[in-house]
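Reader: I am new to this structure and would like a close look at a single part of it, with enough of the surroundings to see where that part belongs. Could you take one helix and work outward from there?

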Amino acid sequence: MKGNKWITHPEAQISDNKTYYFKKSFTLDDISDGVVEISAQARYKLFINGEMVGVGPCKGSREKTFFDTICVEGYLKKGENEIFCEVLQLVSTDMEGKMSPIEGVLRVGSAILTMELRAGDTVLQTDESWLCAKVDAIEHLSARSCYSATTRERWDGVSLKSLEFVNAKVMTGVSNGEEDHYWWGATNKCFLFERPIPMLDFKDKTSIVSFDGTYFEAEYLTFGFPRFKISGKGKVDIVYFECFDSDKGKTNSHRTDRSLGICREMIDTVIVDGELTFEPFWFRCFRFIKIECEGEVQVSLDKLTEVNYPLEIRTDYDFGRDDDNALWEISVRTLQRCMHETYEDCPFYEQLQYAMDTSLQMLYNYQLSDDDLLARKAMSDFDQAQHADGLMPSRTPCVVDQHIPTFQFYFIFMVYAHYIRFGDKALVREHLRAMDGVIEWFKRHMTPQGLVGQSKYWNFVDWAKPWGYVEGKCDGGVPVYIDGGEIGIYNPMMAYFLQCASKLNAIIGRGDVAREYLALADSILENTNKYFWDEEKGLYADDLAHSRYSQHMQTWCVLSGACDRKRARAIMENSLNLDAKATYAFAYFYFRALEAVGMYDKTEEMMDSYRGLLKLGCTTIPETPTESRSDCHAWGALAIYEFSATILGVRTFDVEERSISIKPYIKGRNSARGTVSTIAGNVFVSWRCENGQFTIHIKSEDGVRKVIYLPNGEAYESTLNEITLSCAM
């Protein structure tokens, strides 16, 4: 990119929501090693000879803007070629008073493009010879509650026929943030850094969609670019939705029940007189599309390009139950739908990278693949978004900062979980400052009693049913009203993540800090027992008045070691019938607490809730078990972890020696098999219970130490790359 130029339209206005087209014809004698480096403000879609080859640039932070590198040899041809690039300009991140669609994309407000194509001996760069057009015929409109994710489009097909292309205007040269000298130490927001993750993967999935004249129906919820052929004269509204439901939340009825109505959050509008091809600029998430026409108009689906992060998914699994195999499949699909240039909370609505969601999605990612590039980018995104006082936004990148205090803890969990999975001390060191900042922020919110106090922000914990929104009193998902004093859950929760931070500091040699954090955790737990333990109920309360109780409080008290094992088991037993139950968002930690006290069999109630989604026709995991806003939310892809780490039983045993443990949970099934990605490479496990005999077969890389626990209590160690063991049941 060095030496290249930023170009724009001569009449482009700063900080606008506008589409621009750029194109360039050129001749090639040699197409070998064809590659494009490209960036834009705010987004581009790149076509070569009519084929889409890339979208981007990679979502950046307030500190870094990226350029993409795309292999295009397969799209080039000898002789005449054409590059066509759509650029979406968006109002500046800092602009107030204007609609700001696609809030997950930070931008400077310019309408600019830079690109370099290299093939053989040819080098083609953006300059004044490129032609460009300002596309007033396309308007970008605000969607309703999914406004932050996307931009609705309104196309005037008549005006599109008369676009005027003019020569581009050169704005300035490109600065490469990795290589160039920062003259006088000055930077600008268009310094470019190399994309840290792979380009997204495109697949033609047109065949999964059927059409009955009113509704397009996909076999499963998908994400990408639908392309329509539209002809006639009139207007078409294209309504995208996840399932048949009401606007107020997903029902408990079958997702294909058309009597339930549709959600009208996301609509594109096309005015046509003749023929045109319509493809929205931004990604669309849907399982259903309703076509609403005025006039004589015909609509057909020309192509559906599904877009995912290029995560390789294995198919060598069988968890001994058809419903669990189906649950695994929709869980993996949910994770895929929420992995693109960032992890995302949900692909239909916000498409934002939230810390709690992301920490769980990383765990699930790690079970499937050694690819941690998206996880590394996510941790950097949060690190770079932290405020000077240590407060970390709950989501990033995002035009509008939002703060959920507990979500900061999940940043520490991200770093901790990555170390357990990969053993990368350098990454731990990279994020020490940010972890320290989070802890210091919470320390400033300690009360005179030595408890963690409330903040003025959204004190969300989970979508437990009793924790609903109360006007003027409480945002949804909060266990204690704003005027209700300290939130008990914050205390063992902070103690747990202090313990994680202490271990990380000890690992990289900051012993004094490790001891400081551990001492603070011990003090908080002492006060947790003093102020929140209810002897009569045998539970820890959510509030000082002992008027509210939840599974969440008991979970964090178990995981943080607030009580001994006897009390820990008792409070988990006592919590089973509480009204404030863990939902999908909190299930991972709840399951770990049940597992810690020997009650893993009690996870079946929630697992049955997951299995029940199959009967409702869900093809992805919704945000919550009932009344869900989103039908695809990857914090609920829990089966990926449970089936690989618990049913197959594969986990890290010792980080330093890169060894693993294998301890299958066999209750409720007769067999299971699959491959798990681990710190020691891929590990294949297959076990079976038959005629009173348990047999397990394991394959790993050479020399990997494996500690294998059998159901009869025996333990074995082996470094063989293949081993079979048996025992009586």
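**The core, helix α9 and their surroundings**

Author: This is a predicted model, and a good place to begin is its largest nonpolar core, which has 213 residues, among them Phe228, Ile230, Tyr364, Phe497, Tyr610 and Trp687, the members that touch the most others. The element that gives the most to this core is strand β18, residues 215–241, with 14 residues. Ile230 shows what such a place looks like from the inside: leaving aside its neighbours within four places in sequence, Ile230 is in contact with Val236, Val270, Val272, Gly274, Glu275, Leu276, Phe278, Val297, Gln298 and Val299. Apart from this core lies another, of 28 residues, which includes Ile38, Ile83, Leu117 and Ala119. In soluble globular proteins, nonpolar side chains tend to be buried together.

The helix to look at closely is α9, which runs from residue 511 to residue 532. Its 22 residues should span 32 Å at 1.5 Å a residue, and the C-alpha atoms at its ends are 31 Å apart, which agrees with that expectation. Which residues of α9 are buried? They are Val513, Ala514, Tyr517, Leu520, Ala521, Ile524, Leu525, Asn527, Thr528 and Phe532. When one looks down the axis of α9, these buried residues fall within an arc of 165°, so they line one face of the helix. On the other side of α9, the residues Asp512, Arg515, Glu526 and Lys530 are exposed. As for what lies over the buried residues, their cover includes the helices α7 (432–443), α8 (490–507) and α10 (551–560), together with the strands β21 (533–534) and β22 (539–540).

A second helix makes a useful companion to α9. Helix α5, residues 407–422, has 16 residues and reaches 23 Å from its first C-alpha to its last, close to the 22 Å expected at 1.5 Å a residue. Helix α5 is mostly covered, since 15 of its 16 residues are buried. Just after α5 comes Gly423, which takes a positive phi of about 70°. Ahead of the helix, in the loop between α4 (373–385) and α5, lies Pro397, and a cis peptide bond with an omega of about -5° joins Thr396 to this proline.

That bond leads to some other places where the backbone deserves attention. Most residues other than glycine have a negative phi, and most peptide bonds are trans. Another cis peptide bond, with an omega of about 0°, joins Gly56 and Pro57, and Pro57 has its place in the loop between β5 (51–56) and β6 (65–71). In the loop between β4 (43–48) and β5 one finds Asn49, which has a positive phi of about 50° although it is not a glycine. Asn49 is partly exposed, with a relative accessible area of 26%. Arg658 also has a positive phi, of about 55°, and is not a glycine; its place is in the loop between β23 (650–654) and β24 (659–662). With a relative accessibility of 37%, Arg658 counts as partly exposed.

One more loop residue completes this part of the picture. Glu164 is found between α1 (157–160) and β13 (166–167), and it is exposed, with a relative accessible area of 60%. Leaving aside its neighbours within four places in sequence, Glu164 is in contact with Cys132 and Ala133. Glu164 and Asp136 are 28 residues apart in sequence, and from C-alpha to C-alpha they are 11 Å apart in space.

It remains to set these parts within the whole chain. The protein chain has 14 helices and 30 strands, and its C-alpha atoms fill a box of roughly 75 × 65 × 55 Å, taken along the principal axes. A compact globule of 729 residues would have a radius of gyration near 27 Å, and the value for the protein chain, 27 Å, agrees with this. Of the 729 residues, 60% count as buried. Among contacts in the protein chain with a separation of 6 or more, 72% are between residues 24 or more positions apart. The protein chain exposes about 27,800 Å², of which carbon and sulfur atoms supply 46%.

Conventions. Residues are numbered from 1 along each chain as its sequence is written. This is a predicted model: local features need pLDDT of at least 70, side-chain atom pairs count only at pLDDT 80 or more; totals for chains, interfaces and linings use all residues. Side-chain values use heavy atoms; hydrogens and water are left out. Helices (H or I, at least four residues) and strands (E, at least two) are DSSP runs, numbered from the N terminus. The expected span of a helix is 1.5 Å times one less than its number of residues. Buried means under 20% relative accessible area, exposed over 50%, partly exposed in between (1.4 Å probe, protein chains only). The arc is that of the directions from the helix axis to the C-beta atoms. Contact means heavy atoms within 4.5 Å. A nonpolar core is a set of buried Ala, Val, Leu, Ile, Met, Phe, Trp, Tyr and Cys residues joined through side-chain atoms within 4.5 Å. The radius of gyration is taken over C-alpha atoms; the globule rule is 2.2 Å times the number of residues to the power 0.38. Accessible areas come from the Shrake-Rupley method with a 1.4 Å probe; for residues, only the protein chains shown count as cover.
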